[in-house]
Amino acid sequence: MYKEEELNKLKKECVNCKKCTLSEKRNNIVFSDGNENAKILLIGEAPGAEEDLSGIPFVGRAGKLLTKLIEECGFSRKNDFYICNTVKCRPPENRIPTDEEKKLCENYLLSQIKIVNPKVIVLCGATSAKSFLGNKIKISQIRGNWYKLFDNIDTTVIFHPSYLLRNHSEEEGSPRWLTKQDLMKIKDFIS
Ligand code: SF4
């Protein structure tokens, strides 16, 4: 109950937030989806059009693919994941959020991590990974690696499902295949 109350309080702050210009055109803030008691907290990039309309992260085409891959690896999206983004409001034309926007929104994300207190954090995609591992990283070189971040929480990196939408192959070594390997490693880690 404590987590739910704390997260609701934080969500209310986001609803009223005007710290950056992304507030100007949003329909909804996109705070989170999933289970606040989950062992896995996944951080994506930013809301897209469908997320902005629904207020729920990862519900568009990319989100549906993420859900499919998660389920194929034996997880339940609803129960096993708490899902959020680096920024809570949609950047226009789905552009990548700027470093300044991410910085201004960071305290909300850090508070979410603190309240949920997951066993593992998954940085989903280059924008999310760059936010915490530095702008010089190359996602193809670091996906599947593990780090200790956010006060010593085990953290790993996976491809963003938008990238996987452009790469249909599921053959061994393909980005989709690698992502499933990465998800299975996360499954082993939390069990
Ligand atoms: S993106 Fe974050 S910092 Fe910017 S207005 Fe939305 S909630 Fe506030």
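**View 1. Strand β2 and its parallel partners, β3 and β4, in the predicted model.** Strand β2 is joined to strand β3 (residues 81-85) by 5 bridges, and the two strands run parallel; within this pairing, Gly-44 stands opposite Asn-85 of β3. Strand β2 is also joined by 4 bridges to strand β4 (residues 120-124), again in a parallel arrangement, and here Ile-40 has Val-120 as its bridge partner in β4.

**View 2. The two faces of strand β2.** In a regular strand the side chains alternate between the two faces of the sheet. In β2, Ile-40, Leu-42 and Gly-44 point one way, whereas Leu-41 and Ile-43 point the other way. The strand, which spans residues 40-44, is mostly covered, with 5 of its 5 residues buried.

**View 3. Aromatic pairs, shown by two examples from the 4 found in the whole structure.** The ring centres of Phe-75 and Phe-81 lie 5.2 Å apart and the ring planes meet at 75°, so this pair is edge-to-face; Phe-75 and Phe-81 are both buried. Phe-132 and Phe-150 also form an edge-to-face pair, with 4.8 Å from centre to centre and 65° between the planes. Because Phe-132 belongs to helix α6 (residues 126-133) and Phe-150 to the loop between β5 (146-149) and β6 (153-158), this pair ties together parts that are 18 residues apart in sequence. Phe-132 and Phe-150 are buried.

**View 4. Lysines placed over aromatic rings, with Lys-19 and Lys-119 as examples.** Lys-19 lies over the face of Tyr-108, at 4.5 Å from the ring centre, while the charged end of Lys-119 sits over the ring of Phe-189, 5.2 Å from the centre of that ring.

Terms used:
Residues numbered from 1 in each chain as written. Predicted model: local features only at pLDDT ≥ 70, side-chain atom pairs only at ≥ 80, totals over all residues. Heavy atoms only, no water. Phe/Tyr/Trp six-rings, centres within 6.5 Å; stacked < 30°, edge-to-face > 60°. Buried < 20%, exposed > 50% of the residue type's maximum accessible area, 1.4 Å probe, protein only. Lys NZ or Arg CZ within 6 Å of the ring centre and 35° of its normal. Pairing = 2+ DSSP bridges.
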